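Here is a friendly walk through one protein model, best read with the structure open beside you. Let us look at how its pieces fit together.

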Amino acid sequence: MTTHTFDIVVLGGGSGGYAAALRASELGKTVALIEKDKVGGTCLHRGCIPTKALLHAAEVAEHVRGAAHVGISATLDGIDAAGVRAYREGIVAKKYKGLEGLVKARGITTVSGLGRLNADRTVSVGDDVYAGTDVILATGSYSRTLPGLEIGGRILTSEQALSLDVIPERVLILGGGVIGVEFASVWRSFGAEVTIVEALPHLVPNEDIALSKGLERAFRRRGIQYSLGVRFQTATQDDTSVTVTLEDGKEFTADYLLVAVGRGPVTADLGFEEAGVTLDRDFVTVDDDLRTGVPGVWAVGDITPGLQLAHRGFQQGIAVAERIAGLAPVNIPDAQIPKVTYSSPEVASVGVTEQAAIAEHGADAVTAYEYNLAGNGKSEIIGTGGLVKVVRLKDGPVVGVHLLGDRVGELITEGQLAVVWEAHPEDIAPLIHAHPTQSEALGEAFLALAGKPLHAL
Ligand SMILES: Cc1cc2nc3c(=O)[nH]c(=O)nc-3n(C[C@H](O)[C@H](O)[C@H](O)COP(=O)(O)OP(=O)(O)OC[C@H]3O[C@@H](n4cnc5c(N)ncnc54)[C@H](O)[C@@H]3O)c2cc1C
């Protein structure tokens, strides 16, 4: 047994873990980054990046299909699954190489292997022991399934869906949250018949109802089917198909079933509880500063309760590294974190929904304004519908920004600044949005809420 001593030992090299390692090394700490698979984690290898590459390929397919509408002659001859795969893998490989180079350049020691937390707060990897003044747990999450629904064969999680070598002709998706909706969008653009089954009454059910309903309308127009408000009962498969039965007796049959019902934290059998770390429904319990109950042990990313997003992981990793180094980073509550679903159309939001604002402050204290993208020149040019919805407290700040439409994910940063800086629409209304941009739609909403709409009534 050899013991290696560092200032900080990070367990898990995904978004949360590697961000903590990079920032800590910048602050002069020695860091061991323990990773059993590949640094970059879910986001880089199996999540954000490969799915967004697929969504881009899907967008290109749609552009070719719609080329005649803008006077360009082109025909979509087909989707080359191997070509799409090569493109997607190329992007991931390039980003992975860059990240590996960066981690090396910062002098971080990467350790390959499965780490386990010991009772004395060291981490074992095989026969080696890594000791740090501080330990950061960042072991991430895995795709969940439902009781009695076994993954295998034609029943896939997002990991297997990404590595499918065929474009399915008919596909069922269990779960109308972010991952389900993004795959639905890709497969539809690639020509598949797609049906989403969601037990809650709406797609993207955590979003403002205006976005859920707008997405449902857009998906219906795209020919994406969905069943809402009825729970899954069973799934059976044979050599050629999979059939899903719902609690109301309805049946759906397709080539594949994607199970996208959420992600659970990777915290089992890693010594966490034995070392005194408290778990709640498998998530690591942390305080606002991301400390576990064990002194010197911190947790970041998807193993902590809350939004499971890569940029939340980055931010938490940075914050913990800074706190360990004696700095005082700002804590960002989940409500101030921007969320984007990269389907066509995109769904983006920050802050609270109108419904949540009313529940908290009362209907009389809340005003919301919806601007339809039909009035926005740039959206017309690129052929997208959608909406911008801004929620404010009466005579008070903007508390929520909600966007629907192709490319609107890029606009959410302005919404974030408005919400986090507690801007009043009157503060933003005089600021100029370049013409013609989709950001003008946000400007119109701020103008309207400030009582001086320009291109709206
Ligand atoms: C299909 C899909 C699409 C997504 N798209 C987006 C998106 O567009 N935007 C976004 O913000 N988020 C997206 N996410 C979510 C995002 O990927 C996660 O929020 C993010 O990866 C969480 O980072 P993390 O560091 O907590 O965990 P992970 O990225 O899961 O990293 C954990 C790492 O720890 C390693 N590990 C685990 N246990 C051990 C151990 N015992 N020893 C050593 N190593 C270990 C794992 O191998 C892994 O590399 C997506 C997720 C999926 C599945």
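## A helix across a sheet

In this predicted model, helix H6 (residues 178–189) lies across three strands, namely S9, S10 (193–198) and S15. Relative to S10, helix H6 runs at about 165°.

The strands beneath this topic belong to an open sheet of five, ordered S8-S15-S9-S10-S11 and paired in the parallel sense. Which strands stand at the edges? They are S8 (155–156) and S11 (225–228); each has a single partner strand, so one side of each is left without a neighbour in the sheet.

Further in, four bridges link S9 (residues 170–174) with S15 (residues 256–259), and these two run parallel. If you would like a landmark for that pairing, leucine 172 stands opposite leucine 257 in S15.

## Strand S6 and its partners

Now follow strand S6 (residues 128–137), which pairs with strand S1 (residues 2–11) in the parallel sense over nine bridges. Within S6, glycine 132 is the residue opposite phenylalanine 6.

S6 is also joined to strand S5 (residues 123–125), this time antiparallel and through three bridges. Valine 123 has tyrosine 130 of S6 as its bridge partner. S5 and S6 make a hairpin with two residues between them, and in the turn glycine 126 has a positive phi of about 60°.

A further parallel pairing, again with its own set of three bridges, connects S6 to strand S19 (residues 297–299). Here isoleucine 136 is bridged to tryptophan 298 in S19.

## Two helices that cross

Helices H1 and H8 are worth a pause: their axes come within 7 Å and cross at roughly 35°. Is the crossing left-handed or right-handed? The crossing of H1 and H8 is right-handed.

On the H1 side, the contact is made by Ser15, Gly16, Gly17, Ala19, Ala20, Arg23 and Ala24. H8 contributes residues including Ala310, Gly313, Phe314, Gly317 and Ala321. Taken together, the residues of this contact divide into nine nonpolar, six polar and two charged.

## Around the ligand

How many residues surround the ligand? There are 37, and the closest are Gly12, Gly14, Gly41, Gly140 and Gly301. By type, the shell divides into twelve nonpolar, 19 polar and six charged residues.

Both of the crossing helices reappear here, since H1 (15–26) and H8 (310–324) are among the elements that each supply at least two residues of the shell. Strand S2 (31–35), helix H2 (41–46) and helix H3 (48–65) do likewise. The largest share comes from H2, with four residues.

## How the domains sit together

Stepping back to the whole chain, the domain assignment gives three domains. Domain 1 is made of two segments, 2–142 and 264–324, while domain 2 covers 155–261 and domain 3 covers 345–449.

Where do domain 2 and domain 3 stand relative to each other? Their C-alpha centres lie 29 Å apart. The two do touch: nine residues of domain 2 are in contact with 13 residues of domain 3. On the domain 2 side of this contact, six residues are nonpolar, one is polar and two are charged.

Key. Residues numbered from 1 in each chain as written. Predicted model: local features only at pLDDT ≥ 70, side-chain atom pairs only at ≥ 80, totals over all residues. Domains from an automatic or database assignment. Contact = placed C-beta atoms within 7 Å. Nonpolar A, V, L, I, M, F, W, Y, C, P; charged D, E, K, R; others polar. Near = placed C-beta within 6 Å. Pairing = 2+ DSSP bridges. Axes fitted to C-alpha atoms, helices over the stretch in contact; angles between N-to-C directions. Left-handed = near helix turned anticlockwise from the far one by under 90°.
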